[in-house]
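Here are a few exercises to help you find your way around. Keep the viewer open and try each task before you read its solution.

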Amino acid sequence: MTDPIADYLTRLRNAIMAHRRVVEVPASNMKKAITKILFEKGYILNYKFVEDGPQGSIKVALKYDPQTKQNAIKCLKRVSTPGLRRYTGYKDMPRVINGLGIAIISTSQGVMTNKEAAEKKIGGEVLCYIY
């Protein structure tokens, strides 16, 4: 697998389209950080890190509106790929849907949202857009 983050986002996207409640993905430190951000921002209902075997896995409980059956995540878009890395400074931080969505940035101080990176005045690699 050449792009594990794109695989993670694709598994989430496919589970949303199939209206699954829980999706299980192979774990890595980057995926764990992205999952924590999704939970803190309210895009997923819950998550659990399962330590089985050398790699482990992440179980993600997706969040749906009980009345309309709409998912909290409308779009997951990978920005920086292994073939074309996208970097940004804190002055040119991307705004997703005019501030309604989030961009996940990998910085020297860890993985964080675009708003947190702009407050700390640090740039980094733009991993994905979520709204």
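**Exercise 1.** Which residues does isoleucine 104 touch, not counting residues up to four places away in sequence?

*Solution.* Bear in mind that this is a predicted model. Start at isoleucine 104 and look around: it touches Ile34, Ile37, Val111 and Met112. Then add Glu125, Val126, Leu127, Cys128 and Ile130 to complete the list.

**Exercise 2.** Find the largest nonpolar core and say which elements give two or more residues to it.

*Solution.* The largest nonpolar core has 25 residues, and Ile104 is among those with the most contacts inside it, along with Tyr8, Leu12, Leu38, Val60, Leu62 and Ile130. Now for the elements: helix 1, helix 2 and strands 1, 3, 6 and 8 each give two or more residues. Helix 1 gives the most, with 6 residues. Apart from this core lies another one, of 9 residues, including Val96 and Ile105.

**Exercise 3.** Work out which side chains of strand 1 are buried, and find its partner strand.

*Solution.* Go along the strand and sort by face. Val23 and Val25 point to one face and are buried. Val22, Glu24 and Pro26 point to the other face and are not buried. Next, the partner: strand 1 pairs with strand 3 in the antiparallel sense, over 5 bridges. In that pairing, valine 22 stands opposite alanine 61.

**Exercise 4.** Is serine 80 buried or exposed?

*Solution.* First locate serine 80, in the loop between strand 4 and strand 5. Its relative accessible area is 0%, and buried means under 20%, so serine 80 is buried. Finally, check its side chain: it makes a polar contact with the side chain of glutamate 125 (2.6 Å).

Methods. Residues numbered from 1 in each chain as written. Predicted model: local features only at pLDDT ≥ 70, side-chain atom pairs only at ≥ 80, totals over all residues. Heavy atoms only, no water. Core = buried A, V, L, I, M, F, W, Y, C linked by side-chain atoms within 4.5 Å. Buried < 20%, exposed > 50% of the residue type's maximum accessible area, 1.4 Å probe, protein only. Helix = DSSP H or I, 4+ residues; strand = E, 2+ residues; numbered from the N terminus. Contact = heavy atoms within 4.5 Å. Polar contact = N/O pair within 3.5 Å; in protein donor to acceptor, adjacent residues only side chain to side chain. Pairing = 2+ DSSP bridges.
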